[in-house]
Amino acid sequence: MSDQFDLGPDPRAEALRRMQALLVQRFGRIERAATEWRRPEWVLVQGVIGARTKSEVSNAATDRLLKRYGSWEGVAEAPLEELQAELATQTYPNIAAERLKASLTALIERRGSVDLSHLAEMETLPAMRWLEQLPGTGRKIAAGVMNASTLDRRAIVLDGHHTRILQRMGLVPPKASTDRAFEAIMPVMPEEWTGADFDEHHLLMKKLGQTFCRPAAPDCANCLALSLCKTGAERVGQG
């Protein structure tokens, strides 16, 4: 009965497939992070301290914390002032330190240690909701833990760059929050894409947002995704 209402493949999924091919052609393939950077606990910490900070800076800060204190439990017990000094490289060091200490402390209270191994036994969305109950952990970080870590789930990470591009392309509502954008795009993500494909797609979209699809004065005329972008076509047409 339902077959007669089958409208065929969702055009948004095809747009994402075409976008991915164009992104790889322009920026090349992206290798996944080293195993030590893909432990769920490491990904959580990197995400909590990483607001408005380049990934490589946050990666180094995360490694530095673990080296100094020896364990994430040691980081949780460190004085706030020490953490703030250790995180001086972050854009918002004081906020990063407060959120990190609160998040790790809450995790220890729930799990007895900084341990996310139980997430492997959970479905993706319930696991993300569990993570989002930790201080400083929103949808982006929760998706990052599930996707970019060794959990390797099909959960798309949406930062400001990625969400902005999806909005301009007309694939999510114009003023969608991260949560709403996630809910809008997840059902149309190409079904054949793996967790690794999701990870690479996000990192490539981030590159696009840093180069052509910038927040202000986007270079629509020269953007590789112009043919797929509603906003770009309107802007170039008006020009």
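Which residues does G209 touch, not counting residues up to four places away in sequence? They are H161, R164, I165, R214 and P215. Keep in mind as you explore that this is a predicted model. Let's start with G209 and then visit the core, the cavity, a covered helix, a loop histidine and some aromatic rings.

**G209 and its surroundings**
- You will find G209 in helix 11.
- G209 counts as buried because its relative accessibility is 0%, and the cut-off for buried is under 20%.
- For a sense of distance, try K101: G209 and K101 are 108 residues apart in sequence, and their C-alpha atoms are 31 Å apart in space.

**The nonpolar core**
- In general, nonpolar side chains of soluble globular proteins tend to be buried together.
- In this model, the largest nonpolar core contains 66 residues.
- Which residues have the most contacts inside this core? They are M19, I185 and L208.
- L208 is a good one to click on: setting aside neighbours within four places in sequence, L208 is in contact with M19, L23, F27, I165, C213, C223, L224 and A225.

**The cavity**
- How many cavities of 30 Å³ or more does the structure hold? There is one.
- The largest cavity has a volume of about 110 Å³.
- Its lining is made of 15 residues, and C213, C220, C223, C229 and G232 lie nearest the centre.
- Sorted by class, the lining of the largest cavity has eleven nonpolar, two polar and two charged residues.
- Helix 9 (160–169) and helix 12 (230–238) each supply at least two residues of that lining.
- The largest share, three residues, comes from helix 9.

**Helix 8, a mostly covered helix**
- Helix 8 spans residues 139–148, and eight of its ten residues are buried.
- The buried residues of helix 8 are R139, I141, A142, A143, G144, V145, M146 and N147.
- What covers these buried residues? The answer includes helix 2 (40–49), helix 7, helix 10 (178–185) and helix 11 (195–211).

**H118, a loop residue**
- H118 sits in the loop between helix 6 (93–111) and helix 7 (124–131).
- Is H118 buried or exposed? H118 is buried, because its relative accessible area is 16% and buried means under 20%.
- Apart from neighbours within four places in sequence, H118 is in contact with R111 and W130.

**Aromatic pairs**
- A pair of aromatic rings is described by the distance of the centres and the angle of the planes.
- The count of aromatic pairs here comes to two.
- One of them joins W37 and W42, and this pair is stacked, with 5.5 Å centre to centre and 15° between the planes.
- W37 is partly exposed at 30% relative accessibility, whereas W42 is buried at 6%.
- W193 and F198 also pair: their ring centres are 6.4 Å apart and their planes are at 80°, so this pair is edge-to-face.
- W193 counts as buried at 8% relative accessibility, and F198 counts as buried at 0%.
- Why does W37 count as partly exposed? Its relative accessibility is 30%, and partly exposed residues fall between the cut-offs of 20% and 50%.

Definitions and conventions. Residues are numbered from 1 along each chain as its sequence is written. This is a predicted model: local features need pLDDT of at least 70, side-chain atom pairs count only at pLDDT 80 or more; totals for chains, interfaces and linings use all residues. Side-chain values use heavy atoms; hydrogens and water are left out. Helices (H or I, at least four residues) and strands (E, at least two) are DSSP runs, numbered from the N terminus. Buried means under 20% relative accessible area, exposed over 50%, partly exposed in between (1.4 Å probe, protein chains only). Contact means heavy atoms within 4.5 Å. A nonpolar core is a set of buried Ala, Val, Leu, Ile, Met, Phe, Trp, Tyr and Cys residues joined through side-chain atoms within 4.5 Å. On a 1 Å grid over the protein atoms alone, a cavity is a set of points where a 1.4 Å probe fits but cannot get out, and a pocket is an open set with protein on both sides within 12 Å along at least five of seven lines; lining residues have an atom within 4 Å of a point. Grid points are joined across faces, edges and corners, and a volume is the space filled by probe spheres set on the points. Ala, Val, Leu, Ile, Met, Phe, Trp, Tyr, Cys and Pro count as nonpolar, Asp, Glu, Lys and Arg as charged, and the others, Gly among them, as polar. Rings of Phe, Tyr and Trp (its six-membered ring) pair if their centres lie within 6.5 Å; planes under 30 degrees apart count as stacked, over 60 as edge-to-face and the rest as tilted.
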